[in-house]
Amino acid sequence: MSTTPPHLNAASTATSAPSAAVTAVDAAVEISGLRRVYGTGSDAFEAVRGLDLTVARGTVHALLGVNGAGKTSTLEVVEGLAPATAGTVRVLGLDPVADRAEVRRRTGVLLQHSGFVGDLTVRETLKMWGATVTGARPVDELIAMLRLEKVADTRMRGLSGGEHRRVDLACTLSGHPELVMLDEPTTGLDPESRRAVWDLVRDLRDGGATVLLTTHYLEEAEVLADQVSIMRAGQVVREGTVAGVVAGHPSEISFVTTDDGLVPALVAAGLPADAVGHDDDRTVLRVADLQPVLTDLLLLARQRDARLDLLDARTATLESVFLSLAADADAPAVQVATTAPGAVR
Ligand SMILES: Nc1ncnc2c1ncn2[C@@H]1O[C@H](COP(=O)(O)OP(=O)(O)OP(=O)(O)O)[C@@H](O)[C@H]1O
């Protein structure tokens, strides 16, 4: 019987093992079979196609996906701004449409775009907003939280895009929300302001709040999110911790060689043939465990006196998982990655 060394197994993607059960009591948001259709008849477009998602209380959960994947369409239903075409959505155990008043009182929402009166100063804007919120934070507290001191008395129309975004965020957090929904919170912010928002999100979570956010910055999801859900074409196609999602994805070794016998020799040593691919004249190996395969490759190359030009070896990252899922239109729906870091199934 062939005994393929474990490290030469081709990498497999994460399988659909059930995630740790989050019970209704633990869930801040529970979405089941959500569908959202825009338009009717021949113009109808299904932007969300049977989406299931659970956001555990007290966590930061990032919803990721390329433009048009359906993130905002999903958030709008959770926020109670649009009805579901089908499926069920519970927010803090409530119906976001029927129980809109209570849901609104207990949640904070940051939309992608907002409108404020340009003539009002930042301080006046926050004061006016606070008057619409139960138990609003003092304006000076919000100004300090969002580092708005320097522009507190500047009119809204005089703010930069990043400053405007921070005022948006201040309004979102005004009412001490239990659940905070942030649609691309750091778009347009400079690196320093982005990091300040990350600290704020962590503080919110540490204070017991739940944060559901969308972002196009994958490093933002990597540093902030306890869980990520990657959407494509209206469905979640991969979810779990960042480590779990990445662990289910192959590492990659690539090189150019003129030695036609090198790869067959590697396969003869146990590397599965289906781990080998080509990208023009580059040979690409996709493997579960990078180091031992790379070691074998280098040893074989030395034995055979073969050159490995443009040698590149990289472990999977959230970005490489994201890009491969975005490109792979045939990937099966909903794979849940719950593996501990380092484990590849
Ligand atoms: N009002 C609308 N009428 C028709 N189609 C819409 C409408 N709003 C959104 N869509 C379509 O639904 C799909 C999902 O859009 P959505 O804004 O939810 O995606 P997204 O993942 O949030 O994208 P982005 O990252 O660009 O914000 C897109 O194809 C979009 O064109």
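Q: Let's start with one residue: which residues does L169 touch, not counting those up to four places away in sequence?
A: In this predicted model, L169 touches L110, L146, P185 and V197. Contacts like these count when C-beta atoms placed from the backbone lie within 7 Å. L169 and G108 are 61 residues apart along the chain, with 9.0 Å between their C-alpha atoms.

Q: Is L169 buried or exposed?
A: The idea is to count neighbours: 20 or more other C-beta atoms within 10 Å makes a residue buried, and 12 or fewer makes it exposed. L169 has 25, so it counts as buried. This residue sits in helix α5.

Q: How many of the 13 residues of α5 are buried?
A: Ten of the 13, so the helix is largely enclosed by the rest of the structure. Among the buried ones are E163, R165, R166 and D168, along with V167 and L173. They pack against β5 (107–110), α3 (122–130), α4 (139–145), β6 (179–183) and α6 (191–206).

Q: What span should α5 have, at 1.5 Å a residue?
A: Take 1.5 Å times one less than the number of residues. For residues 161–173 that gives 18 Å, and the end C-alpha atoms are 19 Å apart, which agrees.

Q: Which residues of helix α11 are buried?
A: In α11, residues 318–327, they are L318, V321, F322 and L325. Seen down the helix axis, these buried residues fall within an arc of 100 degrees, so they line one face of α11. Their packing partners are β3 (60–65), α7 (218–224), β8 (227–232), β9 (235–240) and α8 (242–247).

Q: What is phi for H176?
A: The general background is that most residues other than glycine have a negative phi. H176 has a positive one, near 50 degrees. It lies in the loop between α5 and β6, and with 15 other C-beta atoms within 10 Å it is partly exposed.

Q: And what is phi for D280?
A: Near 55 degrees, again a positive value in a residue other than glycine. D280 is in the loop between β11 (276–279) and β12 (282–287). With 5 other C-beta atoms within 10 Å, D280 is exposed.

Q: Which residues are around the ligand?
A: Reading a shell starts with listing who is there. Here the list is Y38, G39, F45, A47, G65, N67, G68, A69, G70, K71, T72 and S73. By class, four are nonpolar, seven polar and one charged.

Q: Which element supplies the largest share of that shell around the ligand?
A: That's α1, with three residues. Both β2 (45–56) and α1 (71–78) supply at least two each.

Q: Where does UniProt place the feature "domain: ABC transporter"?
A: The unreviewed UniProt entry puts it at residues 29–258. In the model, that span is 32% helix and 29% strand, and its end C-alpha atoms lie 55 Å apart.

Q: How far apart in space are R104 and V267?
A: Their C-alpha atoms are 59 Å apart, with the two positions 163 residues apart in sequence. R104 lies in helix α2 (residues 100–106). Having 19 C-beta neighbours inside 10 Å, R104 counts as partly exposed.

Q: Zooming out, how many helices and strands does the protein chain have?
A: Eleven helices and 14 strands. Buried residues make up 38% of its 345 residues. Among contacts with a separation of 6 or more, 76% join residues 24 or more positions apart.

Methods. Residues numbered from 1 in each chain as written. Predicted model: local features only at pLDDT ≥ 70, side-chain atom pairs only at ≥ 80, totals over all residues. Helix = DSSP H or I, 4+ residues; strand = E, 2+ residues; numbered from the N terminus. Arc of directions from axis to C-beta. Contact = placed C-beta atoms within 7 Å. UniProt positions renumbered as here; feature names shortened; annotations may be inferred. Near = placed C-beta within 6 Å. Nonpolar A, V, L, I, M, F, W, Y, C, P; charged D, E, K, R; others polar.
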